[in-house]
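I wanted to look up a few side-chain and helix contacts here, and these are my entries, written in the order in which I went through them.

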Amino acid sequence: MMTAGVLLAVIAVMVWTRRAAKRSGATGVRPYELIYLFFSSAFLGDCFETVFVWLTTGVLMSRSSLLYAPLSLVWGLGAVLATLTLYPLASRSAALLFTCGAVLGGGFEYLTSLALELTLHRVFWDYSRIPFNLAGRTNLLYSLFWGAAAVFWVRVAAPRLLALLHRVPPRTIQAVTMAAIVLLTADMTVSSAALLRMRERSTGAPPDSRVERLLDTWYSDEMLHHHYQNMALPPAA
């Protein structure tokens, strides 16, 4: 019931904002601009989390979603979601953008946590100790942060990042975009394979192919736990 409620809330906001954008005649961003904003926000989000954790805990840890690229896919995808739904409404009130951003961000964080647990059988963040949380996947405080981030992103960050992008020659943009997509795909493939093989090892399954033997050699449990320091088994395990 909780998951269904979160999903319905996110869908409701997306449908309403889409209709509001059509009524106002607002336009969104081009596909290549969206890709650029994804990479920019994924990198900036990774930097922000790394500094935030270091300042609050004194621990310097990787906050990247991947094994190699310093990118937080949660921040990148969150920025894409905010851009698609809220950027066309940038001229509307800050209160409206904040409310929609809080619902979208909190719901996105909840659903992402659930998807990662179902596919990789690992928990990458747990907010159970924070008041007003939903199954430890998101909480009221961080949803408010998402709302504030949405206003900042739509009103300040995204327009300035796009202004920088438009100064670059189109051919350079195309070449860099294609290279970035290829490298991201490779990194995501390796990172996912390493985590899935880690899950298999936890059940005692021996490697049954050369690829799995290489994964066991290069990406041991110790190495992955060091890289993903917040990673843990689901509570029910």
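**Aromatic pairs, cysteines and one helix packing**

I began with Trp146, which counts as buried at 14% relative accessibility. I keep in mind throughout that this is a predicted model.

Next I looked for the ring partner of Trp146, and I found that Phe108 forms an aromatic pair with Trp146, edge-to-face, at 6.3 Å centre to centre and with 85° between the planes. Because Phe108 lies in helix 4 (residues 94-120) and Trp146 in helix 5 (residues 140-165), the pair ties together parts that are 38 residues apart in sequence. Phe108 is buried as well, its relative accessible area being 15%, which is under the 20% limit that I use for that word.

I then asked myself which residues are linked with Phe108 and Trp146 into a cluster by ring pairs. I noted Phe48, Phe52 and Trp75 as the residues that join Phe108 and Trp146 in this cluster. For the whole structure I have a count of eight aromatic pairs.

I turned to a second pair, Tyr127 and Tyr142, whose ring centres are 4.7 Å apart and whose planes stand at 75°, so I entered this pair as edge-to-face. Tyr127 lies in the loop between helix 4 and strand 1 (133-134), whereas Tyr142 lies in helix 5, so the pair ties together parts that are 15 residues apart in sequence. As for exposure, I have Tyr127 as buried at 12% relative accessibility, while Tyr142 is partly exposed with a relative accessible area of 24%.

I also checked for a charge over a ring, and I recorded that the charged end of Arg137 sits over the ring of Tyr110, at 5.8 Å from the ring centre.

How many disulfides does the structure hold? I wrote down zero. My reason for looking was that a disulfide is a covalent bond between the sulfur atoms of two cysteines. I entered the exposure of two cysteines too: Cys47 counts as partly exposed at 32% relative accessibility, whereas Cys100 is buried, with a relative accessible area of 8%.

My last entry concerns helix packing, for which I needed the angle between the axes of two packed helices and the distance between the axes. I found that helix 2 (residues 31-57) packs with helix 6 (residues 170-202) at an angle of about 55°, the axes being 11 Å apart. That angle makes helix 2 oblique to helix 6. I noted the crossing of helix 2 past helix 6 as left-handed.

Note on methods:
Residues are numbered from 1 along each chain as its sequence is written. This is a predicted model: local features need pLDDT of at least 70, side-chain atom pairs count only at pLDDT 80 or more; totals for chains, interfaces and linings use all residues. Side-chain values use heavy atoms; hydrogens and water are left out. Rings of Phe, Tyr and Trp (its six-membered ring) pair if their centres lie within 6.5 Å; planes under 30 degrees apart count as stacked, over 60 as edge-to-face and the rest as tilted. Helices (H or I, at least four residues) and strands (E, at least two) are DSSP runs, numbered from the N terminus. Buried means under 20% relative accessible area, exposed over 50%, partly exposed in between (1.4 Å probe, protein chains only). A charge sits over a ring if NZ of Lys or CZ of Arg is within 6 Å of the ring centre and within 35 degrees of the ring normal. A disulfide is a pair of cysteine sulfur atoms within 2.5 Å. Axes are lines fitted to C-alpha atoms, for helices over the stretch in contact, and angles run from 0 to 180 degrees between N-to-C directions. Angles under 35 degrees count as roughly parallel, over 145 as roughly antiparallel, 65 to 115 as roughly perpendicular and the rest as oblique. A crossing is left-handed if the near helix is turned anticlockwise from the far one by less than a right angle, and right-handed if clockwise.
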